[in-house]
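Let's take a walk through this structure together, stopping at a few places along the chain. Keep the 3D view open and follow along.

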Amino acid sequence: MILYFHGFDATSPGNHEKMRQLQFVDNDVRLVSYSTLHPKNDMQYLLNEVSRQLKECDDPAPLAIGVGLGAYWAERVGFLNQLKTILVNPNLHPEVTMIDKIDRPEEYADIANKCVSQFRHKNSGNCLCILSRHDEVNDNKAVMEELSPFYKIIWDEEQTHKFASLAAHLAEIKEFKVV
């Protein structure tokens, strides 16, 4: 089973396309949706939703994958549920980078402060991060510097922030899921 966390643009047709592509890795791909407007409520909702999905699944190696803001959530929820996780162009600090797009940026800062201390150190090796060199939204060099001590980084030379096609990375995603 793959749990797919959409980015800030929840209604983008690209989400369906990425989920369709992920079916080449596992035919059970499930959307984990959230509001993007109420981070504190989203955190509790996502924890409950993922717990429910895991109870309904018999996959011995479920995987979480998130794009952009979805990667912010996938990393945290994946850690708290002991899931391997793929982060695609993760928005690591929405309280700073999305201040003009989200209603309650202070809630993201609060969530970051309340998360398990040094969670990335404790989660080391359980995430794979795919970064676009041509990301027009994130500073992926800064993302790489922050995450590379803990997670393997793969650079993509073609995709932009929304990462329309995962095709070039499906074999790596599948290998990461089963190993």
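**A guided walk**

Our starting point is arginine 30, which is buried, with a relative accessible area of 19%. The cut-off matters here, because buried means under 20% relative accessible area. Please bear in mind throughout that this is a predicted model. Arginine 30 belongs to strand β2, made up of residues 29-32. What does arginine 30 touch, once residues up to four places away in sequence are not counted? Its partners are Met1, Ile2, Leu3, Tyr4, Met19, Gln53, Glu56 and Cys57.

From there, let's move to a pair of helices. Helix α2 covers residues 39-55 and helix α3 covers residues 69-80; their axes come within 10 Å and cross at roughly 50°. The two helices are therefore oblique to each other. If you turn the view to look along the crossing, you will find that α2 passes α3 in a right-handed sense. Which residues meet there? On the α2 side they are Pro39, Asp42, Met43, Leu46, Leu47 and Val50, and on the α3 side Trp73, Arg76, Val77 and Leu80. Sorted by character, the residues of this contact comprise eight nonpolar, no polar and two charged.

While you have α2 in view, look for asparagine 48, which also lies in this helix. Is asparagine 48 buried, exposed or partly exposed? With 47% relative accessibility, asparagine 48 counts as partly exposed. Its C-alpha atom is separated by 9.8 Å from that of valine 77, although the two residues are 29 residues apart along the chain.

Next come the aromatic rings. The structure holds six aromatic pairs. One of them joins tyrosine 72 and tyrosine 108 in an edge-to-face arrangement, with 5.2 Å centre to centre and 75° between the planes. Why does this pair tie together parts that are 36 residues apart in sequence? It does so because tyrosine 72 sits in helix α3, whereas tyrosine 108 sits in helix α5, residues 105-114. Tyrosine 72 is buried, at a relative accessible area of 0%, and tyrosine 108 is likewise buried, at 0%. Widen the view a little and you can pick out one aromatic cluster formed by Tyr34, Tyr72, Trp73 and Tyr108. Trp73 links this stop to the previous one, as it is among the α3 residues that meet α2.

Just beyond α3 we reach a backbone feature. Most residues other than glycine have a negative phi. Glutamine 82, however, has a positive phi, near 55°. Glutamine 82 is placed in the loop between α3 and β4, the latter being residues 84-88. At 76% relative accessibility, this glutamine counts as exposed.

A second positive phi, also near 55°, belongs to phenylalanine 163. This phenylalanine lies in the loop between β6 and α8. Is phenylalanine 163 buried or exposed? Phenylalanine 163 is buried, with a relative accessible area of 0%.

The loop that holds phenylalanine 163 has another residue to visit. Histidine 161 is found between β6 (152-156) and α8 (170-178), and at 13% relative accessibility it counts as buried. Setting aside neighbours within four places in sequence, histidine 161 is in contact with Val67, Gly68, Asn89, His134, Asp135, Glu136, Val137 and Asn138.

Two of those partners, Gly68 and Asn138, lead us on to proline 90, which is in contact with them as well as with Ala71, Cys129, Leu131, Val143 and Leu147, leaving aside neighbours within four places in sequence. You can find proline 90 in the loop between β4 and α4 (94-97). At 1% relative accessibility, proline 90 counts as buried. The C-alpha atoms of proline 90 and leucine 69 are separated by 6.3 Å, with their positions 21 residues apart along the chain.

Our last stop is lysine 122 in helix α6, residues 119-122. Lysine 122 is in contact with Phe79, Val116 and Ser117, again leaving aside neighbours within four places in sequence. How far apart are lysine 122 and phenylalanine 79 in space, C-alpha to C-alpha? They are 8.6 Å apart, while in sequence they are 43 residues apart.

Note on methods
Residues are numbered from 1 along each chain as its sequence is written. This is a predicted model: local features need pLDDT of at least 70, side-chain atom pairs count only at pLDDT 80 or more; totals for chains, interfaces and linings use all residues. Side-chain values use heavy atoms; hydrogens and water are left out. Axes are lines fitted to C-alpha atoms, for helices over the stretch in contact, and angles run from 0 to 180 degrees between N-to-C directions. Helices (H or I, at least four residues) and strands (E, at least two) are DSSP runs, numbered from the N terminus. Angles under 35 degrees count as roughly parallel, over 145 as roughly antiparallel, 65 to 115 as roughly perpendicular and the rest as oblique. A crossing is left-handed if the near helix is turned anticlockwise from the far one by less than a right angle, and right-handed if clockwise. Contact means heavy atoms within 4.5 Å. Ala, Val, Leu, Ile, Met, Phe, Trp, Tyr, Cys and Pro count as nonpolar, Asp, Glu, Lys and Arg as charged, and the others, Gly among them, as polar. Rings of Phe, Tyr and Trp (its six-membered ring) pair if their centres lie within 6.5 Å; planes under 30 degrees apart count as stacked, over 60 as edge-to-face and the rest as tilted. Buried means under 20% relative accessible area, exposed over 50%, partly exposed in between (1.4 Å probe, protein chains only).
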